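Reader: I have just loaded this model and would like to go through it with you. Could we take it one feature at a time, with the cut-offs spelled out?

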Amino acid sequence: LLLNDGHFVSHEGSCNGSTGVAPKIRALPNTYPQIGQNFDVLLNDGPPNSFATLVLSLQTSSYLGISLPFDMTPLGAPGCTFWTGWEVFFGLVAVDASGNATHTLFFPATLPGQPRFYATWLTLDPSANSFGLVPSGFATLIL
């Protein structure tokens, strides 16, 4: 049980990329999001030598009238689910040859209360499906 030290809980996805495994969202061991601190959000098992973007949201039930989680089959990504809203897309980051990437978040001290965010990676993986994108599972971040 963590109090006032932040929380990071990852939820697995089920959408396999071109490598045959689902990309995973992670954090370094014993690190948690905190107000006024940098926090690294990791991607594991992404498509090697590709690109990915971290998506941050406040929503997991609906977004712009679309019910979540969203089945991506109609978009050409069968078996893929997008779990969160998509209020903030960060820039593309390179995925290394091992399928790993990192995006560093900073939560300013001006955030009110104990905010809760949801994050997911969206990987560029044109060999995985006709949509060309594969999401990771998602993570809950509580500051």
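Reader: Let's start with strand β13 (residues 133-142): how many of its residues are buried?

Author: This is a predicted model, where local features need pLDDT of at least 70 and side-chain atom pairs count only at pLDDT 80 or more, while totals for chains, interfaces and linings use all residues. Residues are numbered from 1 along each chain as its sequence is written, and side-chain values use heavy atoms, with hydrogens and water left out. A strand here is a DSSP run of E, at least two residues long and numbered from the N terminus, and buried means under 20% relative accessible area, exposed over 50% and partly exposed in between (1.4 Å probe, protein chains only). By that scale β13 is mostly covered, and its buried residues number ten of ten.

Reader: Which residue of β13 is the bridge partner of His 7?

Author: Two strands pair if DSSP finds at least two bridges between them. The strands β1 and β13 run antiparallel and are joined by five bridges. In β13, the partner of His 7 is Ile 142.

Reader: And which residue stands opposite Arg 116 in β13?

Author: Here the neighbour is strand β12 (residues 116-124), which runs antiparallel to β13 with eight bridges between them. Opposite Arg 116 stands Ile 142.

Reader: In what order do the three strands of the open sheet lie?

Author: The pairing in this sheet is antiparallel. At its edges are β2 and β11 (101-106), each of which pairs on one side only. The order is therefore easy to trace on screen: β2-β3-β11.

Reader: What does the twist of that sheet average from one strand to the next?

Author: Axes are lines fitted to C-alpha atoms, for helices over the stretch in contact, and angles run from 0 to 180 degrees between N-to-C directions. From one strand to the next, the twist averages 25°.

Reader: Which residue in β3 is the bridge partner of Ile 25?

Author: The antiparallel strands β2 and β3 are joined by three bridges. Within β3, Ile 25 has as its partner Leu 43.

Reader: On to charges: how many salt bridges does the count come to?

Author: Side chains of opposite charge can pair when their charged atoms come close. The rule used is a side-chain nitrogen of Lys or Arg within 4 Å of a carboxyl oxygen of Asp or Glu. By this rule the number of salt bridges is two.

Reader: How far apart are the closest N and O atoms of Arg 26 and Glu 12?

Author: Arg 26 counts as partly exposed because its relative accessibility is 23%, and Glu 12 counts as partly exposed at 46%. The closest N and O atoms of their salt bridge are apart by 3.0 Å. This pair links distant parts of the chain, with Arg 26 in strand β2 and Glu 12 in the loop between β1 and β2, 14 residues apart. The N to O value you asked for is 3.0 Å.

Reader: Which side chain meets Asp 45 in a salt bridge?

Author: Asp 45 has 30% relative accessibility, so it counts as partly exposed. The N to O value of its salt bridge is 2.7 Å, and the partner is Lys 24.

Reader: Which residue is joined to Cys 15 by a disulfide?

Author: A disulfide is a pair of cysteine sulfur atoms within 2.5 Å, and a search of the whole structure finds one. Its S to S value is 1.7 Å. Cys 15 lies in the loop between β1 (7-11) and β2 (24-26) and its partner in the loop between β7 (70-71) and β8 (81-82), so the disulfide ties together parts that are 65 residues apart in sequence. Both cysteines are buried, and the partner is Cys 80.

Reader: Is Asn 49 buried or exposed?

Author: Asn 49 is found in the loop between β3 and β4. Its phi is near 55°, a positive value in a residue other than glycine. With a relative accessible area of 60%, Asn 49 is exposed.

Reader: Where is Leu 64?

Author: Leu 64 is not a glycine, yet it has a positive phi of about 50°. It is exposed because its relative accessible area is 70%. Its place is in the loop between β5 (62-63) and β6.

Reader: Last one: which residue is joined to Leu 68 by a cis peptide bond?

Author: Omega of that bond is about 0°. The partner is found in the loop between β6 (66-67) and β7, and the residue is Pro 69.

Key:
Helices (H or I, at least four residues) and strands (E, at least two) are DSSP runs, numbered from the N terminus.
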